Amino acid sequence: LATIQLLPFAVLVAVYIPVTLAVDAFAFWVALAYSLPGKAPSYVEVFLIRGVTYLLSIISYGVGQGGVAIYLNRRLGIPLARAAGVVALASGVNVVLIAACAAIGLSIIGTSSSPVLFWIVALIACICPVYLAVIALKPAPLMRLGMLAPLFAAGLRGHAIVAVARAPHLAVLIIGHYVAMRMFGVTPSPGQALALLPILFAVGALPISPSGLGTSQAAAIALFAPFATGVTLADRQAGVMAYSLSLHFGALMADAVIGLAALWVIGRRPARRCCRSAIPSA
């Protein structure tokens, strides 16, 4: 940590996290607009809801996603099963997009000193075609499940549209991490970062540890230690650890500030119950 310039890093975090929220909320808004045509909440409402659930994302990514479904139900009157299905659509597309990029990364970098890491990502990548095949085939037993209705209603075309809307979010994540790691003397080329960072995101999103803490750092060291400055392996690993932990905790603090601010704003807005009668209960 001794080599980092604190002010530029603080500015990076102060810009990176709100921009991430903005594009993340946009992807959710598109998913909602596609699932609830004519009845979806406004982008501002989705922005605030997603901002509040950043507090829950401090625990884990999955808990934050669940918070979105609960807020859609309580604030907007969307039946909980349908709200969970909309979140599953947005999250499923996110997993497909990250896994696709991770698979491309695997084809570029080949084997590694940490084969377990690559087997995990390869498994995620292999699941994606199965998921898309199920969406295309629309099995009747699954279509009768209310929570899965938005997934099948969107179809492959809807998944593609939501994926395009989600792409800016992934791009912001890659750029933010790339700039941060260079501040700590970790200097992969843009192509290497593009190939490797989606693998890091895929591993960090696994529900193994709170907020991905530990798994993200282990994956970062395995992937980026060869690109860090330092005479010894320990020096290079320390540089990657410093980048990963600093950005991780900087993001957690920014998430807490944004979440509390959004909670204060949304708490002063009246709940809008326009959707309950328009959407059949599951």
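**Close-up 1. Phe47 and its ring partner in helix α2.** In this predicted model, Phe47 is partly exposed, with a relative accessible area of 28%. Its partner Tyr43 is also partly exposed, at 27%. Both residues sit in helix α2. They are 4 residues apart, about one turn of the helix. A search of the whole structure finds 5 aromatic pairs. Tyr43 and Phe47 make one of them, with ring centres 6.1 Å apart and 50° between the planes. The pair is tilted. Ring pairs also extend the picture: Phe26, Trp29, Tyr43 and Phe47 are linked into a cluster.

**Close-up 2. The Phe224 and Phe227 rings.** Here the ring centres lie 6.3 Å apart. The planes meet at 55°, so this pair is tilted. Phe224 has 0% relative accessibility and counts as buried. Phe224 is also among the buried residues of helix α9.

**Close-up 3. A salt-bridge network around Asp24.** The whole structure holds 2 salt bridges. In one, the side chains of Asp24 and Arg50 meet at 2.9 Å, N to O. Asp24 belongs to helix α1 and Arg50 to helix α2 (residues 43-57). The two residues are 26 apart, and the pair links distant parts of the chain. In the other, Arg166 bridges to Asp24, with the closest N and O atoms 2.7 Å apart. Arg166 lies in helix α7 (residues 149-183) and Asp24 in helix α1, so this pair ties together parts 142 residues apart in sequence. Shared partners join Asp24, Arg50 and Arg166 into one network. How accessible is Asp24, buried or exposed? Asp24 is buried, with a relative accessible area of 3%. Arg50 counts as buried too, at 3% relative accessibility. Arg166 is buried at 1%.

**Close-up 4. Ser57 in helix α2.** Ser57 is found in helix α2. Its relative accessible area is 14%, under the 20% limit, so Ser57 is buried. Which residues touch Ser57, once neighbours within four places in sequence are left aside? The contacts are Arg50, Gly64 and Ser211. Arg50 thus appears in two views: it contacts Ser57, and it takes part in a salt bridge with Asp24.

**Close-up 5. The largest nonpolar core.** This core has 46 residues. Those with the most contacts inside it are Leu197, Leu200, Phe224, Val240 and Tyr243. Two or more residues come from each of α1, α4 (80-109), α5 (115-137), α7, α8 (190-204), α9 and α10 (233-267). Helix α8 gives the most, with 8 residues. Apart from this core lies another, of 28 residues. Its members include Val46, Ile49, Leu72 and Phe152. In soluble globular proteins, nonpolar side chains tend to be buried together.

**Close-up 6. Leu200 and its surroundings.** Leu200 is one of the residues with the most contacts inside the largest core. Which residues does Leu200 contact, leaving aside neighbours within four places in sequence? They are His177, Ser216, Ala219, Ala220, Leu223, Phe224 and Tyr243. Of these, Phe224 and Tyr243 are also listed for the most contacts inside the core. Ser216, Ala219, Ala220, Leu223 and Phe224 are among the buried residues of helix α9.

**Close-up 7. Helix α9 under cover.** Helix α9 spans residues 215-224. How many of its 10 residues are buried? The count is 8, and the helix is mostly covered. The buried residues are Thr215, Ser216, Gln217, Ala219, Ala220, Ile221, Leu223 and Phe224. Helix α9 also gives two or more residues to the largest nonpolar core.

**Close-up 8. A nonpolar patch on the surface.** Leu7, Val11, Val15 and Val19 make a nonpolar surface patch of about 350 Å². Val11 is found in helix α1 (residues 6-35). Val11 has a relative accessible area of 45% and is partly exposed. Helix α1 also carries Asp24, which is buried.

**Close-up 9. Lys138 in a loop.** Where is Lys138 found? It lies in the loop between α5 and α6 (140-143). Its phi is near 55°, a positive value in a residue other than glycine. Lys138 is partly exposed, with a relative accessible area of 38%.

Definitions and conventions
Residues are numbered from 1 along each chain as its sequence is written. This is a predicted model: local features need pLDDT of at least 70, side-chain atom pairs count only at pLDDT 80 or more; totals for chains, interfaces and linings use all residues. Side-chain values use heavy atoms; hydrogens and water are left out. Buried means under 20% relative accessible area, exposed over 50%, partly exposed in between (1.4 Å probe, protein chains only). Patches are made of residues with over 30% relative accessible area and no salt bridge: like charges are joined within 9 Å, nonpolar side chains (Val, Leu, Ile, Met, Phe, Trp, Tyr) within 5 Å. Accessible areas come from the Shrake-Rupley method with a 1.4 Å probe; for residues, only the protein chains shown count as cover. A salt bridge is a side-chain nitrogen of Lys or Arg within 4 Å of a carboxyl oxygen of Asp or Glu. Rings of Phe, Tyr and Trp (its six-membered ring) pair if their centres lie within 6.5 Å; planes under 30 degrees apart count as stacked, over 60 as edge-to-face and the rest as tilted. A nonpolar core is a set of buried Ala, Val, Leu, Ile, Met, Phe, Trp, Tyr and Cys residues joined through side-chain atoms within 4.5 Å. Contact means heavy atoms within 4.5 Å.
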